[in-house]
Amino acid sequence: MRALITGITGQDGSYLTEFLLSKGYEVFGVVRRASTESFERIDHIKDKITLLQADLLDQLSLISVVEESKPDEIYNLAAQSFVPTSWTQPVLTGEFNALGVTKVLEAIRLVNRKIKFYQASSSEMFGKVRETPQTEATPLYPRSPYGVAKVYGHWITINYRESYDIFATSGILFNHESPRRGLEFVTRKITNGVARIKLGLDDNLALGNLDAKRDWGYAGDYVKAMWLMLQQDKPDDFVISTGETHSVKEFVEEAFSIADLDWKKYVTKDPRFMRPAEVDFLVGDSSKAKKILGWEPEYDFKGLVKLMVEADIKLLGEKR
Ligand code: NAP
Ligand code: F7E
């Protein structure tokens with residue numbers, strides 16, 4: 001089996017690549033040209049995969065990489081994935097996260113309609129939630145340009161399934177984290193901050209809204225669900241989540257306590273990290289994925305926080 005992954009240099013791309021290699025896949029990855037390469041997350045597996053240059057903004061480059069790699073499956077993970085940046089760069093976010101999806105789907109339509117397609121949809125589409133817990137049937141109410149663009153990506157995927165009979169699936173994934181998470185996302189910002197404070201490199205961690213609640217899972221668990229979706233007889237959409245919700249404050253408390261630190265001495269609130277419109281509360285219901293895909297997460301909230309805090313303390317300790 002051959003798979004093409006857009007966003008291979010990202011958190012999910014790196015875990016998915018490891019997983020597909022373990023299944024015996026030949027893996028091709030789309031990378032953007034840059035003056036300095038940032039392939040840290042896939043450095044350890046770079047010689048086992050083939051990297052091809054393309055950009056979600058460039059239709060012809062996407063057609064070329066699909067022709068060249070001849071994939072059985074395409075995982076579209078590439079995106080501008082940081083919600084706050086979607087307010088400062090709303091047009092770019094729409095180009096990548098909305099029209100970019102159409103460009104990948106068009107490449108499939110033009111090159112080979114038998115290719116199976118996975119779209120990285122997001123719980124951010126639920127935004128100001130209309131019901132709890134959120135399922136595949138919950139109405140969408142995005143609260144950021146990121147969320148709005150993801151709604152487009154979700155529906156264009158369904159539309160290509162219905163219009164052209166393409167095996168196009170949309171995974172509605174709730175927040176998933178790991179030691180490879182980008183440093184600006186709240187979980188990694190906290191665990192990196194805890195490690196810096198523990199090692200005496202810092203004495204403050206400035207955060208925004210501590211009351212927001214998220215359903216946080218482990219990225220390594222979630223990439224398995226992506227693959228399972230493409231192994232089904234027919235394409236469908238699936239919510240992937242743990243079913244547990246915790247506030248940012250609870251994440252902070254847990255992370256600092258793992259390092260034997262009192263969070264109240266170090267955490268300050270900074271209005272710079274508040275958002276123009278917030279997603280206050282998310283919790284997913286993954287019963288459909290459990291029933292049809294046989295998918296279950298292995299990590300729970302406490303296990304995830306521990307994994308991330310310990311990894312950051314080790315990483316920073318080695319760098320000193
Ligand atoms: P990430 O770490 O930010 O990775 C994003 C990837 O997209 C990077 O490889 C990046 O490449 C690539 N990319 C960005 N713009 C591109 C463009 N114009 N052309 C080609 N590649 C481009 O994100 P992630 O956490 O792995 O998330 C993967 C996907 O799942 C994203 O679509 C995200 O929106 C979605 N999602 C994530 C979560 C989550 O909690 N992690 C939840 C739901 C959905 P560079 O290295 O060149 O920047
Ligand atoms: O924020 C609050 C913030 O940036 C989580 C992306 O992967 O998941 C991610 O989006 C919460 C928000 O993730 C800080 O206000 C408080 O309520 O870690 P985050 P996100 O916005 O939920 C979804 C599913 C995706 O699809 C996205 O691609 O934490 N928060 N203080 C903070 N957030 C940040 N970043 N920094 C703070 O200082």
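How do the residues of the shell around ligand 1 divide into nonpolar, polar and charged? In this predicted model, that shell divides into 9 nonpolar, 9 polar and 5 charged residues. There are 23 residues around ligand 1, and those that come nearest are Thr9, Asp12, Arg32, Ser81 and Tyr146.

Two of these nearest residues also take part in polar contacts that can be followed atom by atom. An N or O atom in the side chain of arginine 32 is 2.7 Å from an oxygen atom of ligand 1, and a polar side-chain atom of tyrosine 146 lies 2.6 Å from an oxygen atom of ligand 1. The backbone takes part as well, since a nitrogen atom of ligand 1 has a backbone N or O atom of leucine 56 at 3.1 Å. On its own, ligand 1 has 910 Å² of accessible area, and the protein covers 88% of that area. Helix 1 (11–22), strand 5 (116–122) and helix 5 (145–164) are the elements that give two or more residues to this shell, with the largest share, 3 residues, coming from strand 5.

Strand 5 is a good place to turn from the ligand to the protein around it. Because 6 of its 7 residues are buried, strand 5 is largely enclosed by the rest of the structure. It pairs with strand 4 (residues 73–76) in the parallel sense over 4 bridges, and within that pairing phenylalanine 117 of strand 5 is the bridge partner of isoleucine 74. Strand 5 also pairs with strand 6, again in the parallel sense, over 6 bridges, and here serine 122 stands opposite leucine 173 of strand 6.

From strand 6 (residues 168–173) the path continues to strand 11, for these two strands pair in the parallel sense over 4 bridges, and isoleucine 172 has valine 239 as its bridge partner in strand 11. In a regular strand the side chains alternate between the two faces of the sheet. In strand 11 (residues 237–240), Asp237 and Val239 lie on one side and Phe238 and Ile240 on the other, and as all four are buried, both faces of the strand are covered. Aspartate 237, whose place is in strand 11, counts as buried because its relative accessibility is 10%, where buried means under 20%. A polar atom of the side chain of aspartate 237 lies 3.4 Å from the backbone nitrogen of serine 170.

The second ligand has surroundings of its own. Around ligand 2 there are 22 residues, of which Ser81, Ser122, Tyr146, Arg275 and Glu278 come nearest; Ser81 and Tyr146 are also among the nearest residues to ligand 1. By class, the shell around ligand 2 has 9 nonpolar, 6 polar and 7 charged residues. At least three of its residues come from each of two domains, domain 1 (2–176 + 216–240) and domain 2 (182–215 + 244–282 + 299–319).

The polar contacts of ligand 2 involve both backbone and side-chain atoms. A nitrogen atom of ligand 2 is 3.0 Å from a polar backbone atom of glutamate 184, while an oxygen atom of the ligand is 2.8 Å from a polar backbone atom of valine 186. An N or O atom in the side chain of arginine 214 is likewise 2.8 Å from an oxygen atom of ligand 2. The accessible area that ligand 2 has on its own is 700 Å², and the protein covers 96% of it.

Several details in the loops complete the picture. In the loop between strand 5 and helix 5 lies proline 133, which is joined to threonine 132 by a cis peptide bond with an omega of about -5°. Aspartate 165, in the loop between helix 5 and strand 6, has a positive phi of about 60° although it is not a glycine, and with a relative accessible area of 69% it is exposed. Aspartate 260 also has a positive phi, near 60°; its place is in the loop between helix 8 (248–258) and strand 13 (267–269), and at 68% relative accessibility aspartate 260 counts as exposed. Lysine 23, in the loop between helix 1 and strand 2 (26–31), is partly exposed, with a relative accessible area of 44%. Its C-alpha is 9.0 Å from that of methionine 1, and the two residues are 22 residues apart in sequence.

Key:
Residues are numbered from 1 along each chain as its sequence is written. Chains are lettered from A and ligands numbered from 1 in the order in which they are written. This is a predicted model: local features need pLDDT of at least 70, side-chain atom pairs count only at pLDDT 80 or more; totals for chains, interfaces and linings use all residues. Side-chain values use heavy atoms; hydrogens and water are left out. A residue is near a molecule or strand if one of its heavy atoms lies within 4 Å of it. A polar contact is a pair of N or O atoms within 3.5 Å; within protein, one must be able to donate a hydrogen and the other to accept it, and residues adjacent in sequence count only if both atoms are side-chain atoms. Accessible areas come from the Shrake-Rupley method with a 1.4 Å probe; for residues, only the protein chains shown count as cover. Ala, Val, Leu, Ile, Met, Phe, Trp, Tyr, Cys and Pro count as nonpolar, Asp, Glu, Lys and Arg as charged, and the others, Gly among them, as polar. Domain bounds come from an automatic or database domain assignment. Buried means under 20% relative accessible area, exposed over 50%, partly exposed in between (1.4 Å probe, protein chains only). Two strands pair if DSSP finds at least two bridges between them.
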